[in-house]
Amino acid sequence: MKPANKIWLNGRIAPLARAGFLNFHQGLNYGACVYDGIRFYKTTNGAAIFRLKEHLDRFFYSASVLNMNIEKTKKELEEAIKNVIKINKLASGYIRPMAFYSEPKMGINIIGAKLTVVIFAWPWKYDAKEKSVRIKIVKTRRIDPSTADLKAKISGYYSNGLLGFIEARKSGFDEPLFLDTSGFVAEGAVNNIFIAKNGILYTPKIGNILGGITRNTIIRIARDMGIKVCEKNILPGFLRKADEIFLTGTGIELERVTKIHKYFSQRQIPQSIFTDLQNQYKKITGGNIKKYKNWLTPIQ
Ligand code: PMP
């Protein structure tokens, strides 16, 4: 899907065509690029960005891990994001800030290399139909925390996600589920996993995964709804005992898993934690629950 026509590029609004970064650079060659994904929603008080502070904190953290100097404050990027949404006249959608080393040169020395910072926007309407996926535990293991800082969203890491994705698709599944190098359940290529069993919600603990912002939202709203949440090391065998399994991520929000090869098939259940959480998430992102309004940054 093509982004909206106007982007923010190194400090000013520019036509999308200016984003034709097809020249040779270190961002492309070495994955020397960081990014984040942010949603904004149509709320009772107009368009508002969901958990912007947490996304900007993560974006700046990712940049610092790759020794990047964004040269803008978080406040300036917040204004830039709002500006891109306004100038494209978008009511709801998705925002992707990216920073990458754009020096058109060979060699891995990125110290002091030119940096490009760009913000893309997509119109994205709320999709009412419940989405679901079939996933496969892939042979490719999640990159080990001793080999990379998994708290950062660095494009280069996604070669690991892509290998898992290809493996899953070649076996006829929609998405991969990765185990970590110790054999514990980790995460999907671009999402986190939750397992509901006997009214309790389980999710892999932070350490071997990207601690997603949606994961954090779900843990907080589940606990506020009186649902016990347990963050722990999970072996794949545990998936066989699940009542429900779902993935979370900024883009997909909550997505039901209907099948994990050999491990899990969704059966009829009397009460769905997934549906309750999904409904609550919709209400919160729509600005309908006062308690969580501080998670929404109005665009005006
Ligand atoms: N894990 C990985 C590897 C991801 O790329 C993402 C997407 N950012 C997630 C989990 C989910 O994170 P979030 O909820 O912050 O989008």
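Here are some short exercises on this structure, each with a worked solution.

Before you start, note that this is a predicted model, in which local features need pLDDT of at least 70, side-chain atom pairs count only at pLDDT 80 or more, and totals for chains, interfaces and linings use all residues. Residues are numbered from 1 along each chain as its sequence is written, and side-chain values use heavy atoms, with hydrogens and water left out.

**Exercise 1. Check the span of two helices**

Task: find what span helix α3 (residues 74-87) should have, and compare that with its end C-alpha atoms. Then do the same for α4.

Solution:
- Start with the terms: helices (H or I, at least four residues) and strands (E, at least two) are DSSP runs, numbered from the N terminus.
- The expected span of a helix is 1.5 Å times one less than its number of residues.
- Helix α3 has 14 residues and should therefore span 20 Å; its end C-alpha atoms are 20 Å apart, so the two agree.
- The 13 residues of α4 should span 18 Å, and the end C-alpha atoms of α4 are 18 Å apart, which agrees as well.

**Exercise 2. Look at the sides of these helices**

Task: list the buried residues of α3 and of α4.

Solution:
- Buried means under 20% relative accessible area, exposed over 50%, and partly exposed in between (1.4 Å probe, protein chains only).
- In α3 the buried residues are L77, E78, A80, I81, K82, V84 and I85.
- In α4 they are Y158, N160, G161, G164, E167 and A168.
- The cover over the buried residues of α4 includes β3, β8 and β9 (175-179).

**Exercise 3. Inspect some positive phi angles**

Task: what is the phi of K89, and is K89 buried or exposed?

Solution:
- Most residues other than glycine have a negative phi, and most peptide bonds are trans.
- K89 is not a glycine, yet its phi is positive, about 55°.
- You can find K89 in the loop between α3 and β6. With 75% relative accessibility, K89 counts as exposed.
- E71 is also not a glycine and has a positive phi of about 65°. It sits in the loop between α2 and α3 and is exposed, at a relative accessible area of 65%.
- G172, which follows α4, has a positive phi near 85°.

**Exercise 4. Explore the largest nonpolar core**

Task: how many residues does the largest nonpolar core have, and which have the most contacts inside it?

Solution:
- A nonpolar core is a set of buried Ala, Val, Leu, Ile, Met, Phe, Trp, Tyr and Cys residues joined through side-chain atoms within 4.5 Å.
- The largest one has 38 residues, and I49, I70, L77, I81, I85, I95 and I119 have the most contacts inside it.
- At least two residues of this core come from each of β3 (33-35), β4 (38-43), β5 (46-50), α2 (52-65), α3, β6 (93-101) and β7 (115-123).
- Domain 1 (6-123) and domain 2 (132-285) both give residues to this core, so it lies between them.
- A second, separate core has 23 residues, including V229, L254, I284 and Y292.

**Exercise 5. Describe how the two domains meet**

Task: how much area do domain 1 and domain 2 bury between them?

Solution:
- The domain bounds come from an automatic or database domain assignment.
- The C-alpha centres of domain 1 and domain 2 lie 26 Å apart. The contact (heavy atoms within 4.5 Å) takes 21 residues from domain 1 and 21 residues from domain 2.
- Buried area is the accessible area (1.4 Å probe) that two parts lose on being put together, summed over both. Here it is about 1,800 Å², with 57% of it on carbon and sulfur atoms.
- Y35, R51 and R58 supply 34% of the area that domain 1 buries against domain 2, more than any other three residues.

**Exercise 6. Follow two buried valines**

Task: where do V34 and V138 lie, and what do they touch?

Solution:
- V34 lies in strand β3 and is buried, with a relative accessible area of 0%.
- Leaving out residues up to four places away in sequence, V34 touches partners including F59, L66, M98 and I154.
- V138 is in the loop between β8 (132-137) and α4 (158-170), and its relative accessible area of 3% makes V138 buried.
- Beyond its neighbours within four places in sequence, V138 is in contact with G164, E167, A168, P176, L177 and F178.
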